[in-house]
Amino acid sequence: MFTFCWTLLLFIKGAEVREFNLTGCLHKGPGRIYHAITDEEFILECVLPSQQRTHMYNNSFLYKSKMLWFWQQKDGEPPKVISNESTNPTQEGNALWFRPIGINAAGVYICMIREEIPCLSNIIKVQAKNNANCSDNGRNELSLLIEKGHSISCPGIYCYNHLQRSPVTWYKNGIRVMLQEIRPSLKLKDDKIHLLKIYEQDAGIYVCDYVLFDNSIQWTMRRVVRVKIIAQNTVHTPNILAPSGVKTLEVEVGKPLKMECKVYFGFERNFLPMITWYRDNKESKSEPLLQKPTRIHAEEIGGKPFVHVATLTEVTERDLNSNFICFAQNSVGNSTGVLKLKRKKRALFRYILYGVIAVLVGLLLGSAFVYHYWIEIVLMYRNYLAKDETIGDCKEFDAFVSYAKQDSFESDSTFLNEEQFALEVLPEVLENKYGYKLCLLERDILPGGAYTDDIVTAIQQSRRAIIILSPRYVNGPSIFELQAAVNCALEDNMIKLILIKYKSFQEPESLPPIVKKALNILPVVTWKSSNSNSPNKRFWKYMRYHMPVKNTTGLGKNSLKFFFQRLFSGYQ
């Protein structure tokens with residue numbers, strides 16, 4: 001039921017409250033009686049009275065939907081709801097702000113905060129400033145010089161010396177001012193805030209409260225002081241950042257143009273600087289331009305840059321023969337910046353654009369060419385320019401060849417098996433055509449020694465180990481040769497492995513971990529019997545790419561014609 005009544009009240013704000021019973025709230029007495037002075041800023045918060053509170057008000061937007069304010073101007077009158085749309089006072093968070101408070105604002109103010117404060121009433125008594133009968137009303141607005149020392153006094157505090165009063169409690173932006181170790185330059189003494197050194201963060205809204213005791217009545221005197229932090233007025237003329245000095249701008253005739261003047265103004269009080277654009281030419285001087293006024297308040301502590309814009313609806317030949325002056329002035333003096341217009345050279349721009357496009361296209365084509373023919377380029381470089389890496393390495397063979405041995409009863413003359421490939425095809429191309437020396441176990445290793453020792457010795461005497469992979473290889477005893485080659489390569493970085501995928505196979509689970517890792521990370525060259533028979537096919541180029549650098553053909557064929565024939569021949 002209470003929630004329903006609350007929702008109903010939100011819809012009837014601004015009208016008299018007749019059916020919501022506030023009698024109990026009015027009869028139980030006010031929380032506080034406040035004394036205010038006309039034509040000053042005043043704040044009334046909806047907070048339960050407490051001597052220990054550290055916050056005066058809370059500006060949270062959440063209070064907008066849960067806050068209700070009522071005002072009873074005279075006894076016997078029904079309270080009126082203060083609408084959210086009220087402009088004086090305005091509702092901000094859990095407080096009412098009077099900017100300023102008038103003599104007719106006196107009365108009883110009742111506030112409710114759903115789920116927090118069911119009912120709280122306060123009384124505001126307003127006294128006309130000219131009837132206060134006191135010359136020590138103080139100042140409600142202070143401008144303090146940064147990095148200097150100053151104090152903030154509660155206005156009119158000495159007007160009530162004939163009455164007993166409590167010490168002054170100060171709040172800044174709704175938070176109680178207290179001594180802090182991190183701010184030793186702030187002191188509270190003689191009911192004043194003493195700032196031994198003023199910082200920019202000291203700006204804000206200060207509220208001072210103290211309680212006056214007049215016979216049996218206690219009332220709270222509240223005054224608001226707005227503090228602004230200022231700096232010394234600048235001693236420099238405006239600094240024109242752009243255009244600085246004399247600048248030339250390339251423009252297109254017939255197009256609109258916006259000219260920006262960026263000026264830095266130092267801090268100044270009680271003076272409005274100005275910026276303007278005008279045209280200066282031989283025909284007429286100081287001709288103003290089409291421009292919107294720029295509102296300048298140079299009251300930032302460290303100064304502030306401003307941008308002023310003038311517009312040419314269409315650039316003409318006359319504009320090309322004119323000087324455009326940006327004129328800036330402050331209390332110290334004035335500064336100017338000059339902007340000249342120059343016809344933009346479209347042809348030059350077009351040539352530059354075409355040149356950039358051509359370079360980019362060339363780079364793309366060149367990159368594609370290099371990517372496509374990288375193997376061939378590397379092979380040509382090795383063949384004619386690279387240093388022979390086999391000289392002085394004390395290796396007898398260029399490559400050791402490992403393959404699965406064919407059983408006699410498995411021989412099949414129809415297809416080329418891996419043993420025939422190893423013993424016939426590889427030597428035919430790599431040895432007879434390209435001059436490499438292969439190590440074939442049956443041909444180059446003398447019989448009679450231990451098999452394992454012979455294999456390890458042969459691999460150690462070779463620069464490469466060519467492994468011909470097939471189902472028979474990975475599932476047979478020849479897998480030992482791959483494991484031995486991996487171990488030798490780990491010990492001798494001159495030995496590298498070349499894996500030839502002769503036939504598709506499934507890796508058995510029984511493979512040693514080092515062999516599995518080698519099969520996953522080492523380069524693999526795939527043999528396709530249908531199109532790899534020619535020495536110029538892609539397979540053999542990959543093989544030569546992985547073989548050691550060796551000058552086998554000499555420089556006799558080093559001609560441009562032969563280079564390109566070798567480069568583009570048989571690319572598949």
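# Terms and values in a predicted model

User: What makes the contact between the side chains of lysine 405 and glutamate 481 a salt bridge?

Analyst: The N to O distance for lysine 405 and glutamate 481 is 3.5 Å. A salt bridge is a side-chain nitrogen of Lys or Arg within 4 Å of a carboxyl oxygen of Asp or Glu, so this pair qualifies. The pair links distant parts of the chain, 76 residues apart: lysine 405 is in the loop between E27 and helix H6 (418-431), and glutamate 481 is in helix H10 (479-491). Helices (H or I, at least four residues) and strands (E, at least two) are DSSP runs, numbered from the N terminus.

This is a predicted model, in which local features need pLDDT of at least 70 and side-chain atom pairs count only at pLDDT 80 or more, whereas totals for chains, interfaces and linings use all residues. Residues are numbered from 1 along each chain as its sequence is written, and side-chain values use heavy atoms, with hydrogens and water left out.

User: Are lysine 405 and glutamate 481 buried, partly exposed or exposed?

Analyst: Buried means under 20% relative accessible area, exposed over 50%, and partly exposed in between (1.4 Å probe, protein chains only). Lysine 405, at 28%, is therefore partly exposed, whereas glutamate 481, at 1%, is buried. Elsewhere, salt bridges that share partners join Glu41, Glu92, Arg99 and Arg226 into one network.

User: How do you know that arginine 463 and aspartate 393 form a salt bridge, and where do the two residues lie?

Analyst: The closest N and O atoms of arginine 463 and aspartate 393 are 2.4 Å apart, which lies within the cut-off. Arginine 463 belongs to strand E29 (462-469), and aspartate 393 to the loop between helix H5 (374-384) and strand E27 (397-402); 70 residues separate them along the chain. Arginine 463 has 7% relative accessibility and so counts as buried; aspartate 393, at 12%, is buried too.

User: What distance supports the salt bridge of lysine 129 and glutamate 40?

Analyst: The distance from N to O is 3.2 Å. This pair also links distant parts of the chain, 89 residues apart, with lysine 129 in the loop between E8 and strand E9 (141-145) and glutamate 40 in the loop between strand E1 (33-37) and E2. Lysine 129 is called partly exposed because its relative accessible area is 31%, and glutamate 40 is called buried because its value is 4%. By this rule the structure has 25 salt bridges.

User: Why are strands E2 and E5 said to stand at the edges of their sheet?

Analyst: Three strands form an open, antiparallel sheet in the order E2-E6-E5. Strand E2 (42-45) and strand E5 (90-92) each have a single partner strand, so one side of each lacks a neighbour in the sheet. Neighbouring strands are turned by 25° against each other on average, direction ignored.

User: How do you know that E2 and strand E6 are paired?

Analyst: Two strands pair if DSSP finds at least two bridges between them, and four bridges join E2 to strand E6 (95-98), so the condition is met. In one of these, isoleucine 43 has tryptophan 97 of E6 as its bridge partner.

User: What is notable about the backbone at proline 89, proline 100 and glutamate 115?

Analyst: The peptide bond from asparagine 88 to proline 89 is cis, with omega near 10°, and proline 89 is placed in the loop between strand E4 (80-81) and E5. The bond from arginine 99 to proline 100 is cis as well, with omega near -5°; proline 100 sits in the loop between E6 and strand E7 (107-113). Glutamate 115 has a positive phi, near 70°, although it is a residue other than glycine. Glutamate 115 lies in the loop between E7 and strand E8 (117-127).

User: Why is asparagine 270 called exposed?

Analyst: Its relative accessible area is 69%, so asparagine 270 passes the limit for exposed. Asparagine 270 occupies the loop between strand E20 (257-265) and strand E21 (274-280), and its phi is also positive, near 60°. Glutamate 115 counts as exposed because its relative accessibility is 73%.

Terms used:
Axes are lines fitted to C-alpha atoms, for helices over the stretch in contact, and angles run from 0 to 180 degrees between N-to-C directions.
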